[in-house]
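Open the model in a viewer and keep the sequence panel visible. The stops below go from single side chains to a sheet, then to an aromatic cluster and the whole chain.

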Amino acid sequence: MTPAPDAGPDAAGAWDDLLRAEFARAAHDVTPGPAPVAAVVRAGRARRRRRTVALSVLAVLGVAFAVAAGTSLGRDPHPAAGLAAPPARPATGAFAPTAGPPSPAVPRTSASSSSSSSGQQIPTPVRTVAPGERVAAAPGWKVWLTVGGKHWQGGEDPLEQFRSVTDGNIDLARPGISHQGEGAFHSGLYYGTRDAGRVELVDDRGRTTAATLLELPGRPGWGVWYAVKREGGVLGLRLYDRAGRLLSELPPL
């Protein structure tokens, strides 16, 4: 159905209205199918899963980047060089001195020390012992102190020996020194001072041997010395204070 070629504009407009009416009638007779709801839901879920995976990957990459950045900041700026960082300079521009190894622990000693024939300084310990405490002074010899004086035992005589400081034979008001010897083992009393530093044994060649000093608690003003001297005879004894001053000297034995 087409309008005649010589028809006017009114005929063409009527023709358009007729077509629209026919199309509307045909469309009204068509029954639409059901909407694809399940397919739409599946598509939406798949799109949501893809978005979740993408966000998770981005978060993991972000954490890894932050860790790598923090690690690189704490590294040596020149790792390829393989060299230790130079020591820090103080504000003056001079290198700070390197601290030496720690000094070894040294037992409590008196302020002074004795010198051997070679001039080497030998520390002389002053050991505080409890009354009656046995001290192994040398192989086969024991020494101990009580408030009454010096006790010792050993050598060929198995009996205990005793030297009193209260029987009046020793003047505790004046510095002095005594001697008892048997073979290589030598011992005695020092007294008349609360500041005893060392006792030296002098042999016939002028060599000195430092004795070990024992005292009771509280510095009673006297104590016991002992030493082992296997070579050279003992010619004399010397008592020094902690400042190294000679307090008393026993003449050659």
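Select Lys150 and Trp152 and show their side chains. The charged end of Lys150 sits over the ring of Trp152, with 3.9 Å to the ring centre. Bear in mind while looking at such details that this is a predicted model.

Next, select Arg134 and Trp144. Which ring does the charged end of Arg134 sit over? It is the ring of Trp144, and the charged end lies 3.8 Å from the centre of that ring.

Now switch to a cartoon view and colour residues 149–154, which are strand β5. Strand β5 is joined to β6 by five bridges, and the two run antiparallel. For one position to check, pick Gly154: the residue opposite, in β6, is Asp157. In general, strands of a sheet pair through backbone hydrogen bonds, in either a parallel or an antiparallel way.

Widen the selection to the sheet that holds these strands. It is an open sheet of four strands, ordered β3-β4-β5-β6, with antiparallel pairing. Which strands are at the edges? They are β3, residues 135–138, and β6, residues 157–164, and each of them pairs on one side only. Turn the sheet to look along it: the twist from one strand to the next averages 25°.

From the sheet, move to the aromatic side chains. The structure holds two aromatic pairs. Select Trp141 and Phe185 for one of them: the rings are stacked, 4.5 Å apart centre to centre, with 15° between the planes. Trp141 belongs to strand β4 (residues 141–146) and Phe185 to strand β9 (residues 185–191), so this pair ties together parts that are 44 residues apart in sequence.

Are Trp141 and Phe185 buried or exposed? Both Trp141 and Phe185 are buried. Add Tyr226 to the selection; together with Trp141 and Phe185 it forms one aromatic cluster.

Finally, zoom out to the whole protein. The cartoon shows two helices and 15 strands. Colour by burial: of the 253 residues, 27% are buried. If you draw contacts, consider those between residues at least 6 apart in sequence; 50% of these join residues at least 24 apart. With the surface switched on, the accessible area comes to about 16,900 Å², and carbon and sulfur atoms account for 60% of it.

Note on methods. Residues are numbered from 1 along each chain as its sequence is written. This is a predicted model: local features need pLDDT of at least 70, side-chain atom pairs count only at pLDDT 80 or more; totals for chains, interfaces and linings use all residues. Side-chain values use heavy atoms; hydrogens and water are left out. Buried means under 20% relative accessible area, exposed over 50%, partly exposed in between (1.4 Å probe, protein chains only). Contact means heavy atoms within 4.5 Å. Accessible areas come from the Shrake-Rupley method with a 1.4 Å probe; for residues, only the protein chains shown count as cover. Two strands pair if DSSP finds at least two bridges between them. Axes are lines fitted to C-alpha atoms, for helices over the stretch in contact, and angles run from 0 to 180 degrees between N-to-C directions. Rings of Phe, Tyr and Trp (its six-membered ring) pair if their centres lie within 6.5 Å; planes under 30 degrees apart count as stacked, over 60 as edge-to-face and the rest as tilted. A charge sits over a ring if NZ of Lys or CZ of Arg is within 6 Å of the ring centre and within 35 degrees of the ring normal.
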